[in-house]
Amino acid sequence: MRENRTIGLLALGGIALAAVLAVIGHLEVNDDLNPWSLTVSDYAVSDRGGVIDVAMALLAGATAVLLPSLRRTGVARPALALLAAWSAGLVAAAVIPTNEPGLPMDTAAYVHRYASVVAFLALPLAGWLLARRLGGRAAGWLRGLTVTSLLLAAAMIWSAYPGDRVLIGLAERLLVLAEVALLAVVAATLVRRGGGVPAAPRVGKQPHPAGAAPRGRDLTPARAA
């Protein structure tokens, strides 16, 4: 459907713009911030309401735009719910800031942290479910990016707790890159297929074309007298 194709293109545009804004947000902040040891949220709180927060909102919007098209293609509710959770988590993380680097965490910072955790885990799980429905090359990309995202999420969790935040910024940025790529694969697949997915093959005996004689292997062998 042309409408679904347009929606996919709109989502891809939002994803691309969000990526550009995130890069700009890293270039405009204080030079004292270290991207290897500080998270994206640490950068965002240093420029409250700036382009990084806008980028997060754009990613959430791009996801929300895709949901009706995915539902029309027959994507199951669990996958749609996980995509909605990713979108909601991004919005919450953008609206509710974390604490400034070096300060003890307050209630808002904890809400921000767990909203981010929900988002980062929900999207790869949705990607795994979507892989089965979308099929084709998209399935391979989605499964690969899902595994990559979960491994990077585990690395980030390790760094945040027993790892004393070693390279936590690098782990998070690689995680964000993998998850944004996953979302882009979903949008691009809808664009390429016009919002449709291949129909599942029907299992069972297919009727012979009109006028065609059945092949030898389709004949029922005669019973012995």
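These notebook entries record what I looked up in the structure.

**Entry 1. The model and its elements**

I note at the outset that the model is predicted. I counted the secondary-structure elements of the protein chain and found 7 helices and 0 strands. Read from the N terminus on, the order is α-α-α-α-α-α-α.

**Entry 2. Burial, contacts and surface**

I next looked up how much of the protein chain is buried. The chain has 225 residues, and 40% of them count as buried. For contacts, I considered pairs of residues at least 6 apart in sequence; 73% of these contacts join residues at least 24 apart. I then turned to the surface of the protein chain, which exposes about 12,900 Å². Carbon and sulfur atoms supply 66% of that area.

**Entry 3. The salt bridge**

I asked how many salt bridges a search of the whole structure finds. The search gives 1. I recall the general point that side chains of opposite charge can pair when their charged atoms come close. Here the partners are the side chains of Arg165 and Asp42, at 3.6 Å from N to O. Arg165 lies in the loop between helix 6 (136-160) and helix 7 (168-193), and Asp42 lies in helix 2 (residues 40-46), so the pair ties together parts that are 123 residues apart in sequence.

I also asked of Asp42: is this residue buried or exposed? Asp42 is buried, because its relative accessible area of 7% falls under the 20% cut-off. Arg165 has a relative accessibility of 35% and therefore counts as partly exposed.

**Entry 4. The cavity**

I turned to enclosed space. Rolling a probe the size of a water molecule over the atoms shows where empty space is left. I found 1 cavity of 30 Å³ or more. The volume of the largest cavity is about 40 Å³.

I then asked which residues line the largest cavity. I list them in sequence order: Ser41, Ala44, Val45, Arg48, Asp53, Ala93, Ala94, Ile96, Pro97, Thr98 and His112. By class, I recorded 6 nonpolar, 3 polar and 2 charged residues in this lining.

Finally, I checked which helices contribute to the lining. Helix 2 and helix 4 (77-95) each supply at least two residues. The largest share, 3 residues, comes from helix 2. I note that helix 2 thus appears in two of my entries: Asp42 of the salt bridge lies in helix 2, and helix 2 also supplies residues to the lining of the largest cavity.

Definitions and conventions. Residues numbered from 1 in each chain as written. Predicted model: local features only at pLDDT ≥ 70, side-chain atom pairs only at ≥ 80, totals over all residues. Heavy atoms only, no water. Helix = DSSP H or I, 4+ residues; strand = E, 2+ residues; numbered from the N terminus. Buried < 20%, exposed > 50% of the residue type's maximum accessible area, 1.4 Å probe, protein only. Contact = heavy atoms within 4.5 Å. Areas by Shrake-Rupley, 256 points an atom, 1.4 Å probe, with all protein chains shown as cover. Salt bridge = Lys/Arg side-chain N within 4 Å of Asp/Glu carboxyl O. 1 Å grid on protein atoms, 1.4 Å probe; cavity = no way out; pocket = protein on both sides within 12 Å on 5 of 7 lines; lining within 4 Å. Points joined across faces, edges and corners; volume = space filled by probe spheres on them. Nonpolar A, V, L, I, M, F, W, Y, C, P; charged D, E, K, R; others polar.
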